[in-house]
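Below is a set of questions and answers for a reader at the bench, to be followed with the structure in view. Each answer works through its reasoning and closes on the value or name that was asked for.

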Amino acid sequence: MAEDLSPPTTRAGSRRYAAGITLAGAALVLCAVLPWSGVQASSSFIGGTLSSDTRGVDDVLGVYALIAGLVALGCGLTGLLARPRLAAVAAVPGALAMLVLVMFVSDPRGPADRVSLDLGELLSVEPVIRYGWYAALASAFAVVLLAVLALVRRA
C-alpha cells in the first residue's frame, strides 16, 4: 500500500525539462512587466531622443501573456513535484502566449497607436518594439520547446 502512495521513480534528466519549463514560465511572467513598445522621437535640432514606453501589462494582451506565464509556471512545478510528463501540458499556454505576442505587434491600433511622423532631420516620431517583447517571445518559445521535449524524450 505504501508503494502506491510514493511518487514514481524517475531519472534526474526527466525532471530537467520540468525545471526548464518552470524557469521559462517565470521568465515569461517577469517579461510581462517589462517595456514592450513605445514611441520614440528624435531630432537633430535639439540633438537628442525622447521616448515613452508601454509595459506589457499596460495592455490586455500583456495581461494574457502574464496569465499564460503563470499557467506555464504551474505546469512546470507540477512536473517537478508529480510526474515530469505533466509538464508537457505547458505547451498550450506557451503557444497561446506566442499568439498573443504576435497579436500585440500586428494589432491595427498596435504598439503605441502606430504614431509615425517624419519631417526629415527636424523631427522624427515612430513606434518601436522594446526588449521586453522580444524577451517574452523568447520565453514563450522556450516554454513550448521544453514542453515538447518533455513529451517526446524518454527518461
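A residue is called buried when its relative accessible area is under 20%, exposed when it is over 50%, and partly exposed in between. The model discussed here is a predicted one.

Q: Is arginine 55 buried, exposed or partly exposed?
A: The relative accessible area of arginine 55 is 39%. Because buried requires a value under 20% and exposed a value over 50%, arginine 55 belongs to the class in between and is partly exposed.

Q: Which residue meets the side chain of arginine 55 in a salt bridge?
A: The search of the whole structure finds 2 salt bridges, and one of them involves arginine 55, with an N to O distance of 3.2 Å. The partner has a relative accessibility of 46% and counts as partly exposed. The residue that meets arginine 55 is aspartate 58.

Q: How many residues apart are arginine 130 and aspartate 53?
A: The side chains of arginine 130 and aspartate 53 meet in a salt bridge, at 2.7 Å from N to O. This pair links distant parts of the chain, since arginine 130 sits in the loop between strand 4 (124–129) and helix 5 (131–152), while aspartate 53 belongs to strand 2 (residues 48–55), and their separation is 77 residues.

Q: Which of the two residues, arginine 130 or aspartate 53, counts as buried?
A: Aspartate 53 has 39% relative accessibility and therefore counts as partly exposed. Arginine 130 has 17%, and because the cut-off for buried is under 20%, the buried one is arginine 130.

Q: Which helix gives the most residues to the largest nonpolar core?
A: The largest nonpolar core has 13 residues, of which Trp36, Leu101 and Ala136 touch the most other members. Helix 2 (12–31), helix 3 (60–81), helix 4 (91–106) and helix 5 each supply at least two residues of this core. The greatest contribution, 4 residues, comes from helix 4.

Q: How many residues does the other core, which includes Ala90 and Leu146, hold?
A: Leucine 101, in the largest core, touches Trp36, Trp133, Ala136, Leu137 and Ala140 when residues up to four places away in sequence are not counted. Apart from that core lies another, whose members include Ala90, Leu146, Ala147 and Ala150, and its number of residues is 11.

Q: Are helix 4 and helix 5 roughly parallel or roughly antiparallel?
A: Helix 4 and helix 5 pack with their axes 8 Å apart and at an angle of about 155°. The contact is made by residues including Gly94, Met98 and Leu101 of helix 4 and Trp133, Leu137 and Phe141 of helix 5, and the crossing of helix 4 and helix 5 is left-handed. Because angles over 145 degrees count as roughly antiparallel, the arrangement of helix 4 and helix 5 is roughly antiparallel.

Q: Within what distance do the axes of helix 3 and helix 4 come?
A: Helix 3 passes helix 4 in a left-handed crossing, and the contact is made by residues among them Leu61, Tyr64 and Val71 of helix 3 and Pro93, Val100 and Phe104 of helix 4. Helix 3 and helix 4 are roughly antiparallel to each other. Their axes cross at roughly 165° and come within 9 Å.

Q: What is the relative accessibility of serine 139?
A: Serine 139 has its place in helix 5. With neighbours within four places in sequence left aside, serine 139 is in contact with Ala24, Ala27, Leu28 and Cys31. Serine 139 counts as buried, at a relative accessibility of 9%.

Q: How far apart in space are alanine 18 and leucine 146, C-alpha to C-alpha?
A: Alanine 18 lies in helix 2 and is buried, with a relative accessible area of 0%. Alanine 18 touches Gly76, Gly79, Leu80 and Ala87, not counting residues up to four places away in sequence. Alanine 18 and leucine 146 are 128 residues apart in sequence, while the distance between their C-alpha atoms is 7.8 Å.

Q: Which residues does threonine 78 touch, not counting those up to four places away in sequence?
A: Threonine 78 is found in helix 3, and at 37% relative accessibility threonine 78 counts as partly exposed. Its C-alpha atom is separated by 9.9 Å from that of valine 89, 11 residues apart along the chain. The residues that threonine 78 touches are Arg83 and Leu86.

How values were computed:
Residues are numbered from 1 along each chain as its sequence is written. This is a predicted model: local features need pLDDT of at least 70, side-chain atom pairs count only at pLDDT 80 or more; totals for chains, interfaces and linings use all residues. Side-chain values use heavy atoms; hydrogens and water are left out. A salt bridge is a side-chain nitrogen of Lys or Arg within 4 Å of a carboxyl oxygen of Asp or Glu. Buried means under 20% relative accessible area, exposed over 50%, partly exposed in between (1.4 Å probe, protein chains only). A nonpolar core is a set of buried Ala, Val, Leu, Ile, Met, Phe, Trp, Tyr and Cys residues joined through side-chain atoms within 4.5 Å. Contact means heavy atoms within 4.5 Å. Axes are lines fitted to C-alpha atoms, for helices over the stretch in contact, and angles run from 0 to 180 degrees between N-to-C directions. Angles under 35 degrees count as roughly parallel, over 145 as roughly antiparallel, 65 to 115 as roughly perpendicular and the rest as oblique. A crossing is left-handed if the near helix is turned anticlockwise from the far one by less than a right angle, and right-handed if clockwise.
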